[in-house]
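Me: I am new to this structure and would be grateful for a close look at a single part of it. Please describe that part in its setting, in one connected account.

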Amino acid sequence: MESLALDTPVIAYNLPAINEIYGDIKAVIKIPVGNYKLMAKTLESLMEKDIRELFDPKVEELIKFYSSWEKVAEATLHELENVKKLASTPS
């Protein structure tokens with residue numbers, strides 16, 4: 001998140017948590033876990049392109065959403081309440 005706030009793209013492993021938070025954010029480039037060769041190639045390709053094209057309004061919205069712990073806590077509470085509802089629903 002800090003890198004994105006500084007207009008720096010991120011190369012990350014394609015993990016569920018990364019997908020959940022960053023979803024379709026173009027500035028977060030996801031690669032298969034453990035594929036360090038692809039990570040290096042991706043970094044090389046980023047160095048040759050205009051990275052500004054990766055930053056669209058979605059990045060700013062994401063940063064604003066996660067800009068305070070209160071907002072993060074509210075979102076987490078909301079998700080926990082959804083899980084509680086699902087768990088209490090009879091099968």
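The account below concerns residue L4 and its surroundings. Where does L4 lie, and which residues does L4 touch?

Reply: The model is a predicted one, and a word on confidence comes before the details. The mean pLDDT of the protein is 91, and 99% of the residues reach at least 70. Among the elements, strand 2, residues 28–31, has the highest confidence at 97, whereas helix 5, residues 69–88, has the lowest at a mean of 88.

L4 belongs to helix 1, which covers residues 2–5. The relative accessible area of L4 is 1%. Because the cut-off for a buried residue is under 20%, L4 counts as buried.

The contacts of L4 come next. With residues up to four places away in sequence left out, L4 touches V10, Y22, A27, V28, F55, V59, L62 and I63. One of these partners, I63, is 59 residues from L4 along the chain, yet the C-alpha atoms of L4 and I63 are separated by 7.8 Å.

L4 also has a place in a wider group. The largest nonpolar core consists of ten residues, and L4 is one of them. The other members are Y22, I25, A27, V28, L46, L54, F55, V59 and L62. Several names recur here: Y22, A27, V28, F55, V59 and L62 are members of this core and are also in contact with L4. V10 and I63 are likewise in contact with L4, but the list of core members does not include them.

A second buried residue may be set beside L4. T42 is located in helix 3, residues 36–47. T42 has a relative accessibility of 10%, and therefore counts as buried. Apart from residues up to four places away in sequence, T42 touches I11, I29 and I31.

The setting is completed by the largest pocket, which holds about 240 Å³ of space. Its lining is made up of A17, E20, I21, Y66, V72, A75, T76, H78 and E79. Helix 5 provides the largest share of this lining, with five residues. Helix 2, residues 16–22, and helix 5 each contribute at least two residues to the lining. By character, the lining residues comprise five nonpolar, two polar and two charged.

In summary, L4 is a buried residue of helix 1, and L4 forms part of the largest nonpolar core.

Conventions: Residues numbered from 1 in each chain as written. Predicted model: local features only at pLDDT ≥ 70, side-chain atom pairs only at ≥ 80, totals over all residues. Heavy atoms only, no water. pLDDT = per-residue confidence, 0-100. Helix = DSSP H or I, 4+ residues; strand = E, 2+ residues; numbered from the N terminus. 1 Å grid on protein atoms, 1.4 Å probe; cavity = no way out; pocket = protein on both sides within 12 Å on 5 of 7 lines; lining within 4 Å. Points joined across faces, edges and corners; volume = space filled by probe spheres on them. Nonpolar A, V, L, I, M, F, W, Y, C, P; charged D, E, K, R; others polar. Core = buried A, V, L, I, M, F, W, Y, C linked by side-chain atoms within 4.5 Å. Buried < 20%, exposed > 50% of the residue type's maximum accessible area, 1.4 Å probe, protein only. Contact = heavy atoms within 4.5 Å.
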